[in-house]
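Reader: Before we discuss this entry, I would ask that each descriptive term be justified against the rule behind it. May we proceed in that manner?

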Amino acid sequence: MGRKLLLDKAHIENIRLYDVYRREGGYRSVEKALKTMSPDAVTEEVKKSGLRGRGGAGFPTGMKWSFLAKPEGVPRYLVVNADESEPGTFKDRYLMEFIPHLLIEGMITSSFALGSNRAYIYIRGEYAWIVDILEQAIQEAKNNGFLGKNILGSGFDCEIYVQRGAGAYICGEETALLESLEGKRGNPRIKPPFPAVKGLWDCPTVVNNVETIAAVVPIINEGGEEYAKIGIGKSTGTKLISACGNIKKQGVYEIDMTISVEEFIYSDEYCGGIANGRKLKACIPGGSSVPILPANLLLTTAKGEKRMMTYESLADGGFATGSMMGSGGFIVLDDTQCVVKHTYTLARFYRHESCGQCSPCREGTGWMEKILLNIENGKGKMSDIDLLWDIQRKIEGNTICPLGDAAAWPVAAAIRHFRDEFEWHITNADEAQRRNYGLMHYADPIHVPVTA
Amino acid sequence: MADEVKKEAPANFKVTIDNITIEVAPGTSILNAARKIGGDVTPPAMCYYSKLQGSGGKCRTCLVEVAAGSTADPRPMPKLVASCRTNVMDGMIVKNITSDRVQDARAGVVEFLLLNHPLDCPICDQAGECHLQDLGYEHGKEGTRYEFKRRTFEKEDIGPYIQLHMTRCILCYRCTYVADQLTDNRVHGILDRGDHAEISTYISKAIDNDFSGNMIDVCPVGALTDKTFRFKNRVWFTKPVDAHRDCDNPKCCGKVTLWQRGDDVLRVTSRKDEWGEVQSYDGKPGWICNICRFDKKKASDWIIEGPTSISRHSVISQGHYEGLQKPKETIAEVMGGRDPKLLMDIHSISDVNSVEIASLPGPATSKTFEKSE
């Protein structure tokens, strides 16, 4: 049984309400930070904890905080990115829905560390009901003196505002989020300048994921060094994984990053194995943007080691044989799933969500979608596969924001690992309309060359 | 920002672009440094416009490779960077045409830009002075690999002066910057997103502002063209002359290029520099007002300064102006009096072909093509 730091109290009845949350030890981190620590000390604790951004990129949070420019007389802002729109990722929703005070508490402590007197939660528009939950929590915190002027007599003022997005995936990109928060069209900004220097209303801003900010609470409560003891290597602490797809028990799991991918999928504590007695074919371990892996490469790395649920292990082998931790959207595909159709679905999503600002992403995503639809409908040509590869290659890295990469990687990985399924779809076009390619060799053990 | 030059900067930065070293002021973008060198070293720019603040970074045609960040930190940048929005550092080494990666990426961007472009150059008023034509010619491939229907949009009327062809738009956003920075109120913008994003006015409101015409000048393609010049003539048949008038509008510089056919003024535009941008006078961009652009269409309205110098490579310089000395045909001479075989005499195909357009004194009109019966 792994340790739980974020969701350990999530199942207590009425934990959503302030009184219960407080009774269960809530807001201790605010008291500790504001009464006994300096803002820099809080940042130092977060640095020591080794906490990495939970939104997808995995950038060390403490380091991000220390990059924040602190010019005199200029306000600084903390913005929480709750625009959780990645297909397959729904961990923040769970956290905000069931234990909203954890986020509020983390925001107050983080705001104190950053010197931000105004913090924003930018929440995706589709999470309409969660806005009410958060606003109720903010009001309760305010009524009990944890928000507003002179919190706990420390002289620190803090207000939290919730802003709903209008339903665009791109607004999860931090600079597009800031544009949208300012009331403009949600187009990503060209970096540099980075938000840490010129963010919201041209002021220094830190944008963090919901889970990252929530994780600040146990870090301050237990100390950064204690937190860093959990996990392996640079993957410290616990991570929320939203598991979905063809598994027995879909849902949000909190894992300490010490278990293997195999254990996560097959143990009864977590996903409980593949549903309906089917076999594991492929998996996207970190939300739709990260490369898909076939079963064999998912469970063991190319070196023949067991793949663990950590940032490093999931990325082992680079994009050639590895993937990414991403945002923790764990999508499992069994042997009845068609990788071509799946890739088409993702391409359609990215075409729809591209902001249209820069040319490679605007035009390339639509092109890839059309080609993939042709292949899926049995109208593909052999040359289409190489064409797809060339298109994704020309999008990746050449765009303003990571959405271009996010659109290119799934297509690249699908072709890299499942090329024969694509080819089968083209050569056996009629049959492909009636049945799926199946598992084939995708779970076969990988040949690991023995080195002397 | 690219054009913010720090005054107190102690020394100039040395930057090497394609093995040519140049000294520029700190705060200069790679693109502007390359423009100082000029020639092939300069990356093409479809969305960046030095006179419009905040423009650039979107089209990705100006991507370059930074082989060394600076003397202090000589690590290369992992990704190609947009040269219009990346400032030079001291000792930076940039590769543009010497980098295969850049050439490959640029060919990709050109392909993407042309993917849904209608390629209706034969009926497009921008043809001949279109930056996308130049870009496609210089960096594009001869064919497309796109086998699908091209994107179309519903036609929209945006007022009496400007014609919008959304199918030709490459979404460079320059016209929105013009509206933001030159006019007092922007009434148009980008609606929708992704490949279905389009330039539009708010509920078909006409664009009507003293300086809205400058959107035509900044548009790199034929998406925004002059309605008063629509289908009047091909630009290479018209003769550009520099002219000026005393304009009452204090924001209007009054210095223009008249595009003439005979003595008729077919079109008035602002004067362009070698990068296709509006020329600056005393550090201020020479934008012109709509009165000068659309209403002063008589040669007598203007004080003519003389012919505009046009780059020899421009298609406009190929215009056959009156009074031009044509080289004589020598084929018959060298072939001993024998004329080469004429494959097809198009004059007999249609009456339209019997008109020698180049020798007309004025613009060709429908009257020119009427049958003389």
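The exchange below takes up chain B, its strands, the contact between the chains, and chain A.

Author: I should state at the outset that this is a predicted model.

Reader: How do you know that the radius of gyration of chain B agrees with that of a compact globule?

Author: For 373 residues, a compact globule would have a radius of gyration near 21 Å; chain B has 23 Å, and the two therefore agree. Along the principal axes, the C-alpha atoms of chain B occupy a box of roughly 80 × 60 × 45 Å.

Reader: What makes a residue of chain B count as buried, and what percentage of the 373 residues is buried?

Author: A residue is buried if 20 or more other C-beta atoms lie within 10 Å of its own. In chain B, 40% of the residues are buried. As for contacts in chain B between residues at least 6 apart in sequence, 64% of them join residues at least 24 apart. Chain B has seven helices and 15 strands.

Reader: What makes β11 and β12 of chain B a pair?

Author: Two strands pair if DSSP finds at least two bridges between them. Strand β11(B), residues 255–261, and β12(B) are joined by six bridges in the antiparallel sense, so the definition is met. One of the partnerships sets R261(B) against D264(B) in β12(B).

Reader: To which sheet do these strands belong, and which are its edge strands?

Author: They belong to an open sheet of four strands in chain B, ordered β12-β11-β10-β15 with antiparallel pairing. Its edge strands are β12 (264–270) and β15 (303–307), each of which pairs on one side only. From one strand to the next, the twist averages 35°.

Reader: Which strands pair with β5 of chain B, and in what sense?

Author: Strand β1(B), residues 13–17, pairs with β5(B) in the parallel sense over three bridges, and I17(B) has V94(B) as its bridge partner. Strand β3(B), residues 63–68, pairs with β5(B) in the antiparallel sense, also over three bridges, and A68(B) stands opposite I93(B). Each pairing satisfies the requirement of at least two bridges.

Reader: Which way do the residues of β5 in chain B point?

Author: In a regular strand the side chains alternate between the two faces of the sheet. M92(B) and V94(B) point one way from β5(B), I93(B) and K95(B) the other way, and all are buried.

Reader: What makes up the contact between the two chains?

Author: Residues are in contact if their C-beta atoms lie within 7 Å. The contact takes 24 residues from chain A and 26 from chain B. On the side of chain A, α15 (339–353), α16 (359–376) and α17 (382–395) each supply at least two residues. The largest share, eight residues, comes from α16(A). By class, that side has eight nonpolar, nine polar and seven charged residues.

Reader: How is chain A divided, and how do you know that domain 1 and domain 3 of chain A touch?

Author: Chain A is divided into domain 1 (18–229), domain 2 (232–334) and domain 3 (339–434). The centres of domain 1 and domain 3 are separated by 35 Å, yet ten residues of domain 1 are in contact with eight of domain 3. The side of domain 1 that touches domain 3 has seven nonpolar residues, two polar and one charged.

Reader: Which residues of helix α5 in chain A are buried, and against what do they pack?

Author: In α5(A), residues 91–98, the buried residues are K91(A), D92(A), Y94(A), L95(A) and M96(A). The elements of chain A against which they pack include α6 (100–114), α7 (128–143) and β7 (238–245).

Methods: Residues are numbered from 1 along each chain as its sequence is written. Chains are lettered from A and ligands numbered from 1 in the order in which they are written. This is a predicted model: local features need pLDDT of at least 70, side-chain atom pairs count only at pLDDT 80 or more; totals for chains, interfaces and linings use all residues. The radius of gyration is taken over C-alpha atoms; the globule rule is 2.2 Å times the number of residues to the power 0.38. A residue is buried if 20 or more other C-beta atoms lie within 10 Å of its own, exposed if 12 or fewer, and partly exposed in between; C-beta atoms are placed from the backbone. Ala, Val, Leu, Ile, Met, Phe, Trp, Tyr, Cys and Pro count as nonpolar, Asp, Glu, Lys and Arg as charged, and the others, Gly among them, as polar. Domain bounds come from an automatic or database domain assignment. Axes are lines fitted to C-alpha atoms, for helices over the stretch in contact, and angles run from 0 to 180 degrees between N-to-C directions.
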